[in-house]
Amino acid sequence: MKTFLTLLKIEGKLAWRGIDILIFGICFPIILATLFGYLLSKDGLTGASDFELSYSAVITIGILATGVMGLPLTISDYRHRGILKRFQVTPVSPLQLLFAQGLIQLSSAIISFIGVSLIYHLLFYYELKGSWPIFLITYLFVAMAMYSIGIFIGSVVPDQKSGNVWSSVAYFTMLLFSGATIPYESMPRFFQVIMDILPLSHGIHLLKQASIGQSLTNGFFHILILLVCIIIGLGGAIKFFKWK
């Protein structure tokens, strides 16, 4: 435990010295929250409005930026610079290293979540219709699934260039085509079918259900997809982790 806490402290200081985690993990989602609040109508025709549903989508952008972009880029950069090779001869295990990086990136996502929530509540008077405890548990579950994808990418790519390519593909694909920035409900049915392939789409669907008070039992398929991402992502990362 002492080794892990020391690792977490050092890695945390290094991560927060960079500007990327601040821009993409925190500022970008907050700016989008402000834009969506001004642009989207609060008068839904039936049920929840586009504005209300957008909250569940925007809070996932922080998760996506830190988990699918920030986390694998950090690990692949360490491998490229030979830092992981030095870690290999220390008591630090791959699991400890991955968990520490995950917690550091998650701290940024949580700050983003709080910032977006304050924008929606204070500026646009958004009120969550569902249960906050259920919504927060769902948020952490979605974060775990996205971080599992990022951990897997970071664990298996051979160098920084490959890590940048694969994390960028995963990040921008889900950013644009999962409903995080372009509302799922406004897309044609053909595009919705394509969007349903992406894991983050299922996470956003779950968060929307939790935000408007629907039972999550109706989203069993979404839960199953995210569970598969967690099992494959974490299992594959531990089994195929490359020190160099």
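This text looks at the aromatic ring pairs of a predicted model, then at a buried threonine and a charge over a ring. Local features need pLDDT of at least 70 and side-chain atom pairs count only at pLDDT 80 or more, while totals for chains, interfaces and linings use all residues. Residues are numbered from 1 along each chain as its sequence is written, and side-chain values use heavy atoms, with hydrogens and water left out.

The whole structure holds 12 aromatic pairs (rings of Phe, Tyr and Trp, the last by its six-membered ring, with centres within 6.5 Å; planes under 30 degrees apart are stacked, over 60 edge-to-face, the rest tilted). One of them joins tyrosine 55 and phenylalanine 135, which are stacked at 5.8 Å centre to centre with 20° between the planes. Tyrosine 55 belongs to helix 3 and phenylalanine 135 to helix 6 (residues 132-156), 80 residues apart; helices (H or I, at least four residues) are DSSP runs, numbered from the N terminus. Both tyrosine 55 and phenylalanine 135 are buried, each because its relative accessible area is 0% (buried is under 20%, exposed over 50%, partly exposed in between, with a 1.4 Å probe and protein chains only).

Phenylalanine 135 also pairs with tryptophan 132: the centres are 5.7 Å apart and the planes at 85°, so this pair is edge-to-face. Tryptophan 132 is partly exposed, at 33%. Ring pairs link a cluster whose members include Tyr38, Phe51, Tyr55, Trp132 and Phe135.

Threonine 66 is in helix 3 (residues 50-80) and is buried, at 2% relative accessibility. Beyond its neighbours within four places in sequence, threonine 66 contacts (heavy atoms within 4.5 Å) Gly25, Leu71, Gln105, Ser108, Ala109 and Tyr147.

Finally, the charged end of arginine 79 sits over the ring of phenylalanine 241, 5.7 Å from its centre (CZ of Arg, or NZ of Lys, within 6 Å of the ring centre and within 35 degrees of the ring normal).

Definitions and conventions
Helix = DSSP H or I, 4+ residues; strand = E, 2+ residues; numbered from the N terminus.
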